[in-house]
Amino acid sequence: MAATRVPSTLGVLLAGGLARRMGGGDKPMRTIGGRTILERVIARLSPQCSGLILNANGDPARFAGFGLQVVADDVPGFPGPLAGILAALDWTAANRPEIEWVLSVAGDCPFLPRDLVARLHDARARENAQLAVAASGEQSHPVIGLWRVALREELRHALVVEDLRKIDRWTARYPLATVTWPTEPLDPFFNANTVEDIAEAERLAALDDAS
């Protein structure tokens, strides 16, 4: 069977969270297996995307060494990942108008699948869906998904006027494709939320680096 052509897709690494469970700071800057989590995310997504940007709030200079455009939320008050997705959609419309799709990922997921973009697009096209999100095991990961740039004004209305915050409440409004990945030998959507998770990530990094 011929492979589906993957549309040009811009990747946004969502790093706007406050990392309270780690005592603050930027989770993607933590090091596992000799590389920062952010380095691992960039390496995994760069071959899959037509460019990457970083959604983060505060001083963008702290990310200067990674060579990515840093885009801050334009909805105040840390309203969560939907604000980062909206910022990415707006940036894409203004700077890469030829691109119709944005992939969002959590900036603290170091082991993302190498076929993430292709499989999400394939499911979206096959199911005639407007959006697509990732899952593993029995858990959906709505922050890791494909978003149509043309929906940005609808998302802005939901965020600003309706005060909507949960991604799954937003995705429920549209035909949605969900793609599930296996969790063995490791969950590709493992994220490092706590100090203890960093220790587990060290173990998983050895498996991931060997794959």
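## Briefing: fold, surface and salt bridges

The chain contains 6 helices and 9 strands. The model is predicted. With 211 residues, a compact globule would have a radius of gyration near 17 Å, and the chain, at 16 Å, agrees with this. By the distance rule applied here, the count of salt bridges comes to 9.

**Overall dimensions and packing**

- Taken along the principal axes, the box filled by the C-alpha atoms of the chain is roughly 45 × 40 × 30 Å.
- Buried residues make up 49% of the 211 residues of the chain.
- Among contacts in the chain with a separation of 6 or more, 70% are between residues 24 or more positions apart.

**Surface and charge**

- The exposed area of the chain is about 9900 Å², of which carbon and sulfur atoms supply 51%.
- The chain carries 22 positive and 26 negative charges, and the mean positions of these two sets are 2 Å apart.

**The salt bridge between helix 2 and helix 4**

- D90 and R156 form a salt bridge through their side chains, with an N to O distance of 2.7 Å.
- This pair links distant parts of the chain, since D90 lies in helix 2 (residues 81-95) and R156 in helix 4 (residues 152-160), 66 residues apart.
- D90 has a relative accessible area of 16% and is therefore buried, the cut-off for buried being under 20%.
- R156 counts as partly exposed because its relative accessibility is 22%.
- The D90 and R156 side chains do not stand alone: D90, R152, E153 and R156 are linked in a network of salt bridges.

**The salt bridge between R173 and E162**

- The closest N and O atoms of the salt bridge between R173 and E162 are 2.5 Å apart.
- This pair also links distant parts of the chain: R173 is in the loop between helix 5 (167-171) and strand 9 (176-181), while E162 is in the loop between helix 4 and helix 5, 11 residues apart.
- R173 is partly exposed, with a relative accessible area of 39%.
- E162 likewise counts as partly exposed, at 37% relative accessibility.

**The salt bridge between E98 and R96**

- The side chains of E98 and R96 meet in a salt bridge with an N to O distance of 2.7 Å.
- E98 counts as exposed because its relative accessibility is 51%, the cut-off for exposed being over 50%.
- R96, at 24% relative accessibility, counts as partly exposed.

Notes. Residues are numbered from 1 along each chain as its sequence is written. This is a predicted model: local features need pLDDT of at least 70, side-chain atom pairs count only at pLDDT 80 or more; totals for chains, interfaces and linings use all residues. Side-chain values use heavy atoms; hydrogens and water are left out. Helices (H or I, at least four residues) and strands (E, at least two) are DSSP runs, numbered from the N terminus. The radius of gyration is taken over C-alpha atoms; the globule rule is 2.2 Å times the number of residues to the power 0.38. Buried means under 20% relative accessible area, exposed over 50%, partly exposed in between (1.4 Å probe, protein chains only). Contact means heavy atoms within 4.5 Å. Accessible areas come from the Shrake-Rupley method with a 1.4 Å probe; for residues, only the protein chains shown count as cover. Lys and Arg count as positive and Asp and Glu as negative; His and the chain ends are not counted. The place of a charge is taken as NZ of Lys, CZ of Arg, CG of Asp or CD of Glu. A salt bridge is a side-chain nitrogen of Lys or Arg within 4 Å of a carboxyl oxygen of Asp or Glu.
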